[in-house]
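Thanks, everyone; I would like to walk through one model today, going from the chain as a whole to a pair of helices and then to a patch on the surface.

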Amino acid sequence: MTATHTTTIPQATTDDPASAAISASASGHPASNGRHPVEMLKRRWPTALAVALVILTTVDDASGELADTVGAFGDALPLLPLLYVIIHQVGNPRVTWPVLGAGVAAMVALGAQDVVSQPVTLVAIALAVLVWGAVRGTPHGRATFGVQAAGALVFGALALIGLAVDPDLGRYLVAAGWFFHGVWDFVHLRLDKVVARSFAEWCGVVDVLVAVHLLFLL
């Protein structure tokens, strides 16, 4: 009687990167140790959009006047905390992007006239919304409301003071406002509070890049 011996070839497991690579090569499928670039882009589209926007809006600043650049970004700075204050009072992060669209439209309308100051108007609107919140109440509680109020006051003050002083000094004040609002965005992104996460990521990247641009603008 003849005994039959069966030889078992051990199979490569995914726990062994080298074995996995050999198996993938043998099967004709490339090994991948990370996410596909397209999938990464889908996940990080707010960052990609932010980088593209900053490049498009700052590409001509190197040949422009410092005062004009500081003025443009100083005018826009109060819009950032205003968006947070409005969305906070609405109490629904889903309105974040529509509120941004309305805010940009308001900026364009204010910039097309010379009757009222753009940043002063934005700060005044933010204060009006804060008064409304203090009187009518807030959906996120008094503590969160107080934080948003403090942010509106600090960032609004940095913008107004930065626009009032000499551009050589104003650039640093306005840059500080944009940078620290970027930190503000990333904190809200981490906490997942007040605004949509996609907006917090997008706005945070935009803010930091604008601050860097202002600091190193010659």
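I will begin with how the values were obtained and then turn to the fold.

This is a predicted model, in which local features need pLDDT of at least 70 and side-chain atom pairs count only at pLDDT 80 or more, while totals for chains, interfaces and linings use all residues. Residues are numbered from 1 along each chain as its sequence is written, and side-chain values use heavy atoms, with hydrogens and water left out.

The protein chain has ten helices and zero strands, where helices (H or I, at least four residues) and strands (E, at least two) are DSSP runs numbered from the N terminus. Of its 218 residues, 37% are buried, meaning under 20% relative accessible area with a 1.4 Å probe and protein chains only.

Now to the helix pair: α5, residues 79-90, packs against α9 at an angle of about 25°, with the axes 10 Å apart, the axes being lines fitted to C-alpha atoms over the stretch in contact, and angles running from 0 to 180 degrees between N-to-C directions. The two helices, α5 and α9, are therefore roughly parallel, a term for angles under 35 degrees. In this packing, Leu-80, Pro-81 and Tyr-84 of α5 meet residues of α9 including Trp-178 and Trp-184, with contact taken as heavy atoms within 4.5 Å.

Finally, which helix contains Tyr-172? Tyr-172 lies in helix α9, and Tyr-172 is partly exposed, at a relative accessible area of 45%, partly exposed being between 20% and 50%.

How values were computed:
Angles under 35 degrees count as roughly parallel, over 145 as roughly antiparallel, 65 to 115 as roughly perpendicular and the rest as oblique.
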